[in-house]
Every structure is written in structure tokens, then in C-alpha cells.
Amino acid sequence: MKVVHVIEALGGGVYTYFKDLSYYFGDDEITNKLSTTIIYSGNRKEIDPKKIESEFSKGVSLIKVDMVREFSPIQDFKSILHLRKELQKLNPDVIHLHSSKAGVLGRIACFLLFKRIQLFYTPHGYSFLRTDISNLTKKIYWLIEKSFQQLFGGITIACGDTEYEIAKKIGKSYLIRNGINIEDVCQHSTKHQNQTLTIGIVARITTARNPKLFNAIALRFPDFNFVWIGDGELNCELTAPNIKITGWFMDRNDALKQLNAIDIYIQTSLWEGLPIAVLEAMAMKKPVLATNIIGNKDVVVPNETGFLFNEIEELDSYLELLKDDKIRNQFGDNAYKRCHDLFDKNKNFKALTALYQQ
């Protein structure tokens, strides 16, 4: 069986997801039954094709096709033709589209093949849930998702529970949650002791991750240390004196070591699919504070693995509780168990394989 994945936004948590996917489906035991090709775009500035070539499994094939995030009639038309050409050469049995842009371009390219192919689509966070766009744009994005599902078909594979509830209203859907390599992450998890309570996030510093809120929280709690593991174009918004920006790490293991060194993980996102970094923090037994949005609320169990918040004032009582080592440890243990039960990539990729082979 030949399976082709198409992804435009191969950055951030999606990069980690696809790297893990490449090693699972690139394993000799799997490749004997199923061959995998990943078609991706190298246009985003956070994407380095050389790094992808070196870090992804040699058991999968990689093809670069130029795609852009925003609507661009000429470039989108070129992308569709290029996609169609590559798909014709590959002649796949299954095509799995990832992210909204690839979902649109890929569906049109598949239609132009004029043959019946099993088609799947994972939004990784619907574009109409973004909060940095107008209500009119949200409605347009929703109509695109609905109409393309009806016109071109395909089955949605939601990466989180709330995304699944939305997907069911649009068309035929299944739930296969995002997962992580828990064993690999746990290798970097060691006991440590910070003299000052340290709260951190792993992310690109962009609008979606809401650095303004992160900065406001740091200013509200001057007695704690805050760490932003990563960098980005909005780093100028992190001005609080108790915030440290680590910058990018060339080696992911170094980023995981930084993650291990914090006491509490915080996710300040405005919108999410299902956040990989939160899962990695949970695998390292970190309690999680997260904004009460789709994606975050599919991972965090309030008063058990951490807390969800709508207003910054709610953090006063939550952090008062989490200052206690025993409570942090208990929440951390609960977080690890939940991650192991629901977000193990081996279990979830196995379910994906079974769906392809139906």
C-alpha cells in the first residue's frame, strides 16, 4: 500500500509529529506492508529542508512542493499542478492531507487525477478558529471547509476531541489523537531543584501563542522566573525583567533539557489544534497551566493535571497551590499517566495504519 502525506505547515509541533510519523512508518516492519511519502512545503522561514532531510527517517520519501499559507491565486494554481504531477508519479492508494491549506490544494489536486483514491484530512486546528482574523474571514474559512468536504469528499481524522466534535458537523470523521514519543521525551526527564519557581513554554513567539499574555503573567508574578524556550518575530513583546528567552536550539534534545528544567508548564495560546509541547511537558511530569481553548482543554484535566484559565486573575489561586512541591508532583504524576494512556504515538499511529487498511 502506498500512502502519501501532504503538509504545507511543517513547523512547530507539526514538525515533531511528522518526524515521529516518519520513524514509525519508516520502520522496516511497517515498510514491508506500507510505503510512505511526505510532500511538504519549504516556504515558511522556520522550515529548513536540509534539517528535515537529516532528521527524518530514511524509511520514508520526502518531496518538496512550494505552497504558501495565505491565499495566492497564481502560486496556489502552480502548487495544485505540481501536487497533481507528483501524485500522478506516485500513484498512491491513500492520500492524507494535513492543515487547512494542504486540505484545499490537495483536494483539488486529487480531483484532477480523475481516479478514486482513499482521501483523509487532518486540520491540526481549523483555520476558522483563529482569533487574529475578522468574523467575515472566519465565516469564509468555515464555508471553504464545509463546501470542500461536500464537493471533493474525504474523511476527516481529528487530532483532538473537540476538533472531532466540530469535524462531525462538517462530514464523516474519525478521532485519532496526536501522540508523542513518550520514551524518547522521558530520557531527558531528571529530578532538579530550582531555587525560584520557574514557569515556561516551548513555542515560536507568534500571535497564536500570545506573548502579550505571557508577558502580563510574568509582570503579575515578579517573584517567579519565566522562560520562553524558542524565539520568533514577536520577541519584542516579552519585556518583563523575569523572562528569559532561550532562542532556538539546533538540537531538539537541548530544548527538551530546557523543558525539564522548569517547574510548571504554561500554554498561553489563542488557538490550537492539539499542542505537542504540552504533551511533552506532561510526559516529563510537569503540571500544566493553559488557556481554556480548543486543544488545550482536550489535554489538561482541571485540578488533576493542571488548570485551565480564562482570565489572568485566576492564576493567583492556581499558582498559590502549585507552589507546593507535593501538589506539583501529584499533578505531574497524573499528567504523565494521562499522556501515557491517550497520547502515545505508537498506539495512535497503529490506529492510523488500521484506518488506512480498512
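Five bridges join strand S1 to strand S4 (residues 94-98), and the two strands run parallel; strands, like helices, are DSSP runs numbered from the N terminus, with at least two residues of type E for a strand and at least four of type H or I for a helix, and two strands count as paired if DSSP finds at least two bridges between them. The model is a predicted one, in which local features need pLDDT of at least 70 and side-chain atom pairs count only at pLDDT 80 or more, while totals for chains, interfaces and linings use all residues. Residues are numbered from 1 along each chain as its sequence is written, and side-chain values use heavy atoms, with hydrogens and water left out.

Within the pairing of S1 and S4, Ile7 stands opposite His98 of S4. S1 also pairs with strand S2 (residues 35-40), again in the parallel sense, over six bridges, and there the bridge partner of Val6 is Ile39 in S2. Five of the six residues of S1 (residues 2-7) are buried, so this strand is largely enclosed by the rest of the structure; here buried means under 20% relative accessible area, exposed means over 50%, and partly exposed lies in between, with a 1.4 Å probe and protein chains only.

From the strands the reader may turn to the nonpolar interior. In soluble globular proteins, nonpolar side chains tend to be buried together. The largest nonpolar core of this model has 84 residues, and those with the most contacts inside it are Leu10 and Leu289; such a core is a set of buried Ala, Val, Leu, Ile, Met, Phe, Trp, Tyr and Cys residues joined through side-chain atoms within 4.5 Å. Leaving aside residues up to four places away in sequence, Leu10 touches Tyr15, Phe18, Tyr40, Ile47, Ile52 and Phe56, where contact means heavy atoms within 4.5 Å. Apart from the core of 84 residues lies another, of 25 residues, among them Val65, Leu87, Ala102 and Ile166.

Two of the residues touched by Leu10, Tyr15 and Phe18, are also among the buried residues of helix H1. H1 is mostly covered, with 11 of its 14 residues buried. From its first C-alpha to its last, H1 reaches 20 Å, close to the 20 Å expected at 1.5 Å a residue, the expected span being 1.5 Å times one less than the number of residues.

Lys19, another buried residue of H1, forms a salt bridge with Glu55, the closest N and O atoms being 3.9 Å apart; a salt bridge is a side-chain nitrogen of Lys or Arg within 4 Å of a carboxyl oxygen of Asp or Glu. Because Glu55 lies in helix H3 (residues 49-55) and Lys19 in H1 (residues 12-25), the pair ties together parts that are 36 residues apart in sequence. Glu55 itself counts as buried, at 19% relative accessibility.

A search of the whole structure finds 16 salt bridges. One of them links Asp161 to Arg177, with the closest N and O atoms 3.0 Å apart. Asp161 lies in helix H7 (residues 161-170) and Arg177 in the loop between strand S7 (173-175) and helix H8 (182-186), so this pair ties together parts that are 16 residues apart in sequence. Both partners are partly exposed, Asp161 at 26% relative accessibility and Arg177 at 22%. H7 also holds Lys168 and Glu165, three residues apart, about one turn of the helix, and their side chains meet in a salt bridge of 3.3 Å, N to O.

H7 is also included in what covers the buried residues of helix H6, together with helix H5 (100-111), strand S5 (118-122) and strand S6 (155-158). H6 (residues 135-152) has 18 residues and reaches 25 Å from its first C-alpha to its last, close to the 26 Å expected. Its buried residues are Glu145, Lys146, Phe148 and Gln149. Seen down the axis of H6, these fall within an arc of 165°, so they line one face of the helix, the arc being that of the directions from the helix axis to the C-beta atoms. The face turned away from this buried side carries the exposed residues Leu136, Lys139, Leu143, Gln150 and Leu151. Just after H6, Gly153 takes a positive phi of about 75°.

Positive phi values also occur in residues other than glycine, including Asn91, where phi is near 50°, and Asn210, where phi is near 55°. Asn210 lies in the loop between strand S8 (198-202) and helix H9 (211-220).
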